[in-house]
Amino acid sequence: MTDTAPDLTDLLADSPSNWGKWGPDDEVGSLNYLGPEQVLAAAGLIRTGKTFTLQRLIGDPKGDPVWPGRTPATRTQIMDESTWDAADAPQFPGGLHYADDKIDAFLQGSTQYDALGHVWYGGQLYNGYDARSTVGGMEMASVEPIAQRGVVGRAVLLDMARFRGKETLESAETFTHEDLLACAEKQGVEIRPRDILVIRTNYLQRFFELGDKFYEGFCEPGMVYSPELVQWFADMEIPNLVTDTIANEVTTDPNNGVALVLHNALMRNLGITFTEICDLESLAADCAEDGAYEFFYAAAPLKVAKGSGSPVNPLAIK
Ligand code: UVW
């Protein structure tokens, strides 16, 4: 944060809010917009059966891109064939051997859903829950209710990198909802109310090219805050924002110096779920080839009690 950056409480004082809209106990926010009608309509988009998985590899030999301060997951082999070299190895009737392993991972350290309570300001989370309810584990607005529910709907890919004629967007490059609409128009796809928006920047290609240098002056590209953009998301009743960057929006807003404004304006205030660090490359290549930028989207984050996020492997089916 810069010295002159405004407080989020002031910056977003007049920003729209969905608090209370789905009752005082709601923990899934704008996912309430995705009911049976939306699921059935989305199922009607399945025409070829082409299926794309959008998760990045956990434990990629080329490295796992994570938010600064987080560490990539580590996988530890616990049992394998060498276990049975030991004289005191476990013996099972019939001669069974097996492999076991475990991972130590940030729940936001890979492709993930953020819980609606993952970020906050002014001492309150989504729906007005007390920020103290996060201490020692998320008592409210954790990822668990999102995982219990699942996420299914019509999604559109907005390929901002291709739209701007670039292999990847630049560090700190921004775009607005007007740019998303222009991109959709160029792609020949309509953004409809209650659509899941899937935005491609291909920025993480730079992580794999640059290694640790990727984090120098870290500022990802992405959508930038404006009152008009937030109102558009509210009016369009967007349930879920899915991107291939680590944090779904320009890291530091160039207009005011505030970090992650949209996490607060969209997630905390409107209850829009955020899905981050997706791999959209195969899907985007296919969309460019067949010209079909709309598809059935389904995601089931893991049911982690009190979790502030969860790994996920979303599916896009055409
Ligand atoms: C932060 O909120 C800091 O990161 P992310 O949403 O990318 O998990």
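## A tour from helix 8 outwards

Begin by selecting helix 8, where the buried residues are V261, L262, H263, N264, A265, L266, M267 and R268. In this predicted model, helix 8 is mostly covered, with 8 of its 8 residues buried. To see what lies over them, display the surrounding elements: the cover includes helix 1, strand 4 (112-114), strand 8 (222-223), helix 7, strand 9 and strand 10 (273-276).

Keep L266 highlighted and add L197, M223 and F233, for these four touch the most other members of the largest nonpolar core, a set of 69 residues. Colouring by element helps here, since at least two residues of this core come from each of strand 5 (151-159), helix 5 (177-187), strand 7 (196-200), helix 7 (227-236), strand 9 (240-243), helix 8 (261-268), helix 9 (281-290) and strand 11 (294-299). Which helix gives the most to this core? It is helix 7, with 6 residues. As a general background, nonpolar side chains in soluble globular proteins tend to be buried together.

Now centre the view on L197 and show its contacts, setting aside the neighbours within four places in sequence: L197 is in contact with V156, L158, L180, I191, W232, F233, I238, N240, L241 and V242. A second core, separate from this one and made of 7 residues, can be selected next through Y203, L204, F214 and F218, which are among its members.

Move then to P6, which is found in the segment before helix 1 (8-11). Is P6 buried, partly exposed or exposed? P6 counts as partly exposed because its relative accessibility is 27%. Apart from residues up to four places away in sequence, P6 touches L11, N256 and V258. A distance drawn from P6 to N256, C-alpha to C-alpha, gives 7.0 Å, although the two are 250 residues apart in sequence.

Zoom out to see the whole chain, which is divided into domain 1 (8-56 + 113-317) and domain 2 (74-103). The C-alpha centres of domain 1 and domain 2 lie 41 Å apart.

For the last stop, select F92, in the loop between strand 2 (74-79) and strand 3 (100-104). F92 has a relative accessibility of 32% and therefore counts as partly exposed. Adding L96 and Y98 to the selection completes a nonpolar surface patch of about 250 Å², which these two make together with F92.

Methods:
Residues numbered from 1 in each chain as written. Predicted model: local features only at pLDDT ≥ 70, side-chain atom pairs only at ≥ 80, totals over all residues. Heavy atoms only, no water. Domains from an automatic or database assignment. Helix = DSSP H or I, 4+ residues; strand = E, 2+ residues; numbered from the N terminus. Buried < 20%, exposed > 50% of the residue type's maximum accessible area, 1.4 Å probe, protein only. Contact = heavy atoms within 4.5 Å. Patch = residues over 30% accessible without salt bridge, like charges linked within 9 Å, V, L, I, M, F, W, Y side chains within 5 Å. Areas by Shrake-Rupley, 256 points an atom, 1.4 Å probe, with all protein chains shown as cover. Salt bridge = Lys/Arg side-chain N within 4 Å of Asp/Glu carboxyl O. Core = buried A, V, L, I, M, F, W, Y, C linked by side-chain atoms within 4.5 Å.
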